[in-house]
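Dear colleague,

I am handing over the structure we spoke about, and I would be grateful if you could look through it before reading my notes. They follow directly after it.

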Amino acid sequence: MNTSEKLRLSHALDRMRSVCVTRLRSMRQRIDALSIGEVGDPVDLALDHISRGTEQMLLELEWRHLQSVSAAQRRLCAGEHGTCSACGRAIRRRRLAALPEASLCLSCAARREAQRNN
Ligand SMILES: [Zn+2]
């Protein structure tokens, strides 16, 4: 990976990090705004619980995404980003352009996904 590719990737990761942080703040505010009372219409209470559960699940997914972006930034600083963490081969530029935080090449990512689904 040459210097301009590293710089482009670094900017992409910075933008992703910023978006993640903004989304996390917004989700946290929405969760905090959902006041779940003990009394009231049972249907409303059930819907509030469902909404809160959904928001918390989305928050968890966004948090994991932020962690993967942070890990990619650390790998980039260490000069290790762009190399598959499973097989050690270079991750293709097109994959990194589409998924700047990728730590696995397409083959290893597909293999891991297949294992996860079994
Ligand atoms: Zn690989």
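To begin with a small question: leaving aside its neighbours within four places in sequence, which residues is Lys6 in contact with? With that restriction, the contacts of Lys6 are Met1 and Leu76. Please bear in mind throughout that this is a predicted model, and that every value below was computed from it.

Staying with this residue for a moment, Lys6 belongs to helix α1, and it counts as partly exposed because 15 other C-beta atoms lie within 10 Å, where 20 or more would be needed for a buried residue and 12 or fewer for an exposed one. Although 71 residues separate Lys6 from Cys77 in sequence, their C-alpha atoms are 9.4 Å apart in space.

As for the overall layout, the protein chain holds four helices and zero strands, so that its pattern, read along the sequence, is α-α-α-α. The radius of gyration of the protein chain is 19 Å, which is well over the 13 Å given by the globule rule for 118 residues, and the chain is therefore more spread out than a compact globule. Taken along the principal axes, the box filled by the C-alpha atoms is roughly 60 × 35 × 20 Å. Of the 118 residues in the protein chain, 11% are buried, and among contacts between residues at least 6 apart in sequence, 57% join residues that are at least 24 apart.

The largest nonpolar core has nine residues in all, namely Leu9, Leu13, Met16, Val69, Ala72, Ile91, Leu96, Ala102 and Cys105. Two elements, α1 (3-33) and α2 (42-77), each give two or more residues to this core, and the largest share, three residues, comes from α1. Within the core, Ile91 may be worth displaying with its surroundings: leaving aside its neighbours within four places in sequence, Ile91 is in contact with Gly82, Thr83 and Cys84, and also with Leu96, Ala102 and Cys105, the last three of which are listed in the core as well.

Finally, helix α4, which covers residues 106-117, consists of twelve residues and reaches 16 Å from its first C-alpha to its last, close to the 16 Å expected at 1.5 Å a residue. This helix is hardly covered, since the count of buried residues among its twelve is zero.

With best regards

Methods. Residues are numbered from 1 along each chain as its sequence is written. This is a predicted model: local features need pLDDT of at least 70, side-chain atom pairs count only at pLDDT 80 or more; totals for chains, interfaces and linings use all residues. The expected span of a helix is 1.5 Å times one less than its number of residues. A nonpolar core is a set of buried Ala, Val, Leu, Ile, Met, Phe, Trp, Tyr and Cys residues joined through C-beta atoms within 7 Å. Two residues are in contact if their C-beta atoms, placed from the backbone, lie within 7 Å. The radius of gyration is taken over C-alpha atoms; the globule rule is 2.2 Å times the number of residues to the power 0.38.
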